[in-house]
Amino acid sequence: MNRAMIKRIVLIAVVGTTLSMVLMLSSLVYPHPLLLVVAMSAGQGIALLSLALYLLAVALDLQTGGGRYYEGTGPVDEPAASTAEP
Amino acid sequence: MFGIQSIQQLLRAIAFFCAAASLLIMVWYLVRRPHLHRTTKVILLFGLGLLPGIVSLTGNISGFAYTMTRPFCGSCHVMGPYLRDAEDPKSTSLAAIHSRSHKFGEDSCYHCHADYQMFGAMTTKMNGMRHLYHYITEYANTGPDGEGGPKIHLYKPFKNDTCMQCHSTQAKMYLETHGDQVDAIRKGDVSCIDCHSDVHPLALSRRAAAKEAK
């Protein structure tokens, strides 16, 4: 699993959470029955899925030494192309 | 403080604040696209986990509480006649009289139409989903107050238990006025609304019109 893929998973999670927050906010501002049902079912489902995706991305990132790579505190399994020796 | 006068309003305010904060974090990430540093991960954990969790919890509770109120029931246009009658200070219908009682207040629809049993709230909300389905499939494109749509009816006969939550059949005055029908009322053989039929006059008149149209 490369870093680009991990960042893409995080991006999907962020977009999903944004969508669910917009749904939930709109149901708070305009509590119409249909909107409430959508926010309380689909909105929360998307938010939960996004959180699961984010946790997966963090786990994968830690597994590949992402933390050490970004903090610059140790070797990583897959160094970025720009920093690799020619 | 901040115009908050009830627990429901407080929960809504918390949900609103947390949703706005979560959205801010999401927008920040989408605009800046930072590396997944430890700080970024923690900030995203707040934005993706903690804050949406609080929004779900408080939003569900306040949303559920709002679904019990009369404005929510009246938000579907087919409920217009029912809502207007219940809120009419001059109306003498049972719905209006009960709505004027402080014990019912804004939740007057729910008090009389909710199931009265252990999982009453759950079954009532399941019925609410059924209402929504029928509204979308049968009433969404009907005229003002649902004219032109099928007649509105209860899914099952109105239970005396609902009335008996407040009107005790043991009370002296009740026994005096209901005489030998008390046992039949308690068993459900005689319905309260058979005699006290002026519940929703506008709805009843519409029901009669619907029958004639058939």
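Read from its N terminus onward, chain A of this predicted model follows the pattern α-α-α. Its secondary structure amounts to three helices, with zero strands. Of the 86 residues that make up chain A, 31% count as buried. The contacts within chain A were also examined by sequence separation: among those between residues at least 6 apart in sequence, 57% join residues at least 24 apart.

Chain A also meets chain B. Across this interface, 29 residues of chain A are in contact with 30 residues of chain B. On the side of chain A that touches chain B, α1 (3-29), α2 (33-63) and α3 (66-71) each supply at least two residues. The largest share of that side is provided by α2(A), with twelve residues. In terms of residue character, the side of chain A that touches chain B divides into 18 nonpolar residues, nine polar residues and two charged residues.

The organisation of chain B is described here at the level of domains. Chain B is divided into two parts, of which domain 1 covers residues 7-66, while domain 2 is assembled from the segments 70-144 and 159-213. Taken over C-alpha atoms, the centres of domain 1 of chain B and domain 2 of chain B are separated by 39 Å.

In summary, the predicted model pairs a chain A of three helices with a chain B divided into domain 1 and domain 2, and α2(A) contributes the largest share of the side of chain A that touches chain B.

Note on methods. Residues numbered from 1 in each chain as written. Chains lettered and ligands numbered in written order. Predicted model: local features only at pLDDT ≥ 70, side-chain atom pairs only at ≥ 80, totals over all residues. Contact = placed C-beta atoms within 7 Å. Helix = DSSP H or I, 4+ residues; strand = E, 2+ residues; numbered from the N terminus. Nonpolar A, V, L, I, M, F, W, Y, C, P; charged D, E, K, R; others polar. Buried ≥ 20, exposed ≤ 12 C-beta atoms within 10 Å, placed from the backbone. Domains from an automatic or database assignment.
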